[in-house]
Amino acid sequence: MPSPSLSPAAIALNRFGLGARSDDAAPADPKRWLTDQFGRFEVRPAGFAALDDAGLAAQRYREAQQAVRQMARQEAATDATDMKAARKDSRQDLQALYRAGVQARADSALATAAPFVERMVHFWANHFCVSVDTPPVTAFAGAFERDAIRPHVLGSFADMALAAERHPAMLLYLNQVQSIGPGSPAAARNPDRKRGLNENLAREIMELHTLGVRSGYTQADVTEFARALTGWSVEGLGPGARQGDPNAFAFRARQHEPGERTILGKRYAQPGDAQGRAALLDFAAAPATATHIATKLARHFAGDDPPRALIARLADSFTRSKGDLPTLYATLIAAPEAWVPTPTKFKTPWEWTISSLRGLGYRQAGRMQIATLQTQLGQRVWKPGAPAGWDDIAASWAGPDALLRRVEVAQRLAAPLGERLDARTLAPKLLPASLGAATADQISRAESPAGALALMLVAPDFLRR
Amino acid sequence: MIARRHLLSAAALGAGALFVSPGIALATAATERRFVFIIQRGAADGLDVLRPTGDPAFAGLRARLIGETPGIKLDAMFSLHPALVEIGKMYARQQALFVHAVASPYRDRSHFDGQNVLETGGAQPYVVRDGWLNRLVAMLPRASDDAIAIAATVPTALRGSVQVASYAPSALPHAADDLMTRVTALYEADPQLHPLWASALETRGLATDVGARQDPASLGTLTAGFLTKPNGPRIAMLETLGWDTHNAQAGRLANQLRNLDAMLAALRDGLGAAWATTTVLVATEFGRTVAVNGTGGTDHGTGSVAMLLGGAVQGGRVVADWPGLAPGRLYDARDLRPTAALDALIAGAAAESLGLDPARVGRTLFAKSGAVTPITGLIRS
């Protein structure tokens, strides 16, 4: 196998960043170039700030849906048709909001002065993932990344965990708003309508967001934590909620299961909201969480089977710094395992699209529909379909058909640019001192400038980082 | 030399995306027998799919989910979910067999670990690296094309030493021949990309005249199209999603099962005469809680139901050593207690479907999950 060798500058731009741009100078001090980005990150870029109000859109959808149900009960057929049209309109609003969110995400990734930090936003959004499988989550997905992930990407893990678990998107996605303490006043008031516990959010917090699967907790711990979380809801959207801000967390004391809880052997006697919060903060600081996060982070940079020594150092950094994320990133940037010259990762469809557009000189997505493009490439943005998020190993992305699609998309992206860009000079800029000889040769012999650009985007050197 | 490829007709990406991930995976083998594995990702509720209406505890536990429609009565104990109309007809023709209270060796409640155990055939998650379906393909006499698969990427059950291609319907325009030639040259020396690329080209050649829609019935028809090509694949895997019914299960599961029913009917109809030599196995990673939760759904559980469908299945029966639903009979005081091993069912069904020795198949597919005694008498030879 021709073993391509990446220069430190190419690694900083592509493995840590989101791909070089033609006007990027190769960084002279790659590590410094990365840490300097901590001061340049824009938390709330214009595209995200301009998104329509997700809570209101979700509320409108719910009202339209309730109206249709009511009409159906009253069998007023003529009005029902109008109502169904209203519901369809409000569903299309949600889709438009989702697509605008995806455009904002892509714009931010294309224009950013801090591509490494943007990459970490994508990493954490996939770690604390919601999946736009239902209308309300479809509305909230963009706001979730903007409000729960971006403000904390250079903060602490615990703050990000709290913001993510208490965001309407997560509370709705993992059914928390419907979970009611079986011994709570709300349940007692309505004994005929059997409402009760839903352990979905509790389990996924423990399994996926913090401690990690097989880290020693039991079914009883999950159920106890689910009881502690009862009452966590959305102000304007929970069952029966008629007013209030649909974008805000609410604690509904009447739905909270009374009494103290024992989780992983520790007693939680706090009243109300503080109980679930205290347990979550304990999980966020647990050694199992440090290892879980360290493993995922190491896998994202050092390869599908990350070195154990790197995992141990990252976990130690996480624990010592109490989950301070810039400290963790600094440990990663200092790690030789993350700078091995052989490419460590096969790009996911999202990474490949963004690095292609950056390489071709795009500063914004413009009229290009990024959501549609990602669907065609097999990785719908914010829709992994399961709370574990997207896989971060090559076997999940390097499939025969997936490869063919990248070739087809590359041709389409390159088609309008053949007059303006010369792949023979562009490719060495995107992969400074790293372009493979075979790739350079095939690019120089392509039948058209656009063909050469397309070939550059799907060359083995460019499919990996 | 690159095979001439043709545009597929209209594609409806995203339609039914909650039910079917855009993927079918297939493998060729020199046999006229066919084996299809349909995985239900997300833990399908076996107690709602095949309802133990004869169990005295059932009505009390599940009245809120069942409502007025107990389903299609199969025998004194079991009724089939009312959405499974076509599968009910298969049962009446003795072409459907159900195994209830069945589970893989996995006993915890994580979807991802549970699916990994189901697909690799290990006793623990992430211990075995390749999938049992890949090891099964390796046991078959090879066709000229080794193996082919169809899905944008390859599911775990089909990953392994036998190279598996993938295919999924696409709405993208095809790339120019010059680009294709140069890409082929660039990937030639790349051990990861070369085999992927070779099978992608080959598979698209096979898919020329098949429709490209992604609704469940069309995917059933598409799968049947591949399975009936003269030298085409004989092993297929279909992934279905959306079985994780934590809330509003009554409506959601009915919709899931209608989709599954439509896909299986289209597969049966598309296979035509080949249905007589086809076995379809439907299985999920684990079941769901016996009790209904506070949100009209069920949570992660243990025992569930598996189905065998096909022209040669010794069907028209439910195989179950019924553990009962009384409180003292439950697993962990909350789940259907497993009394049958899914591994034993898979080994027996795969062996008898493909004319292989059950004991050898059991050893090859499930060496790491302990002593598997394949269930036999499932398929007419």
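This is a short tour of the contact between chains A and B, followed by the nonpolar cores. The model is predicted.

**Stop 1: the chain contact**

Select chain A and chain B together. Each side can be picked out by residue: 51 residues come from chain A and 51 residues from chain B. Now colour the helices of chain A. H11 (200-209), H18 (370-377), H19 (400-414), H21 (437-444) and H22 (449-458) each supply at least two residues of the side that touches chain B. Highlight H19(A). This helix gives the most to that side, with 11 residues. Then colour the chain A side by class: 24 residues are nonpolar, 17 are polar and 10 are charged.

**Stop 2: a helix pair across the contact**

Keep H22(A) and add helix H6 of chain B, residues 177-187. Their axes come within 10 Å and cross at roughly 35°. The crossing of H22(A) past H6(B) is right-handed. Show side chains next. From H22(A), pick Gly451(A), Ala454(A), Leu455(A) and Val458(A); they meet Asp178(B), Leu179(B), Arg182(B) and Val183(B) in H6(B). Five residues of this helix contact are nonpolar, one is polar and two are charged.

**Stop 3: the cores**

Stay on Leu455(A) and Val458(A). Both rank among the residues with the most contacts inside the largest nonpolar core, which has 147 residues. Phe140(A), Ala169(A), Leu314(A) and Met456(A) are listed with them.

Which residues does Phe140(A) touch, leaving out those up to four places away in sequence? Select Ala54(A), Ala58(A), Pro168(A), Ala169(A) and Leu172(A).

Finish in chain B. Ala43(B), Ala96(B), Leu257(B) and Ala349(B) are included in a second, separate core of 94 residues.

Definitions and conventions
Residues numbered from 1 in each chain as written. Chains lettered and ligands numbered in written order. Predicted model: local features only at pLDDT ≥ 70, side-chain atom pairs only at ≥ 80, totals over all residues. Contact = placed C-beta atoms within 7 Å. Helix = DSSP H or I, 4+ residues; strand = E, 2+ residues; numbered from the N terminus. Nonpolar A, V, L, I, M, F, W, Y, C, P; charged D, E, K, R; others polar. Axes fitted to C-alpha atoms, helices over the stretch in contact; angles between N-to-C directions. Left-handed = near helix turned anticlockwise from the far one by under 90°. Core = buried A, V, L, I, M, F, W, Y, C linked by C-beta atoms within 7 Å. Buried ≥ 20, exposed ≤ 12 C-beta atoms within 10 Å, placed from the backbone.
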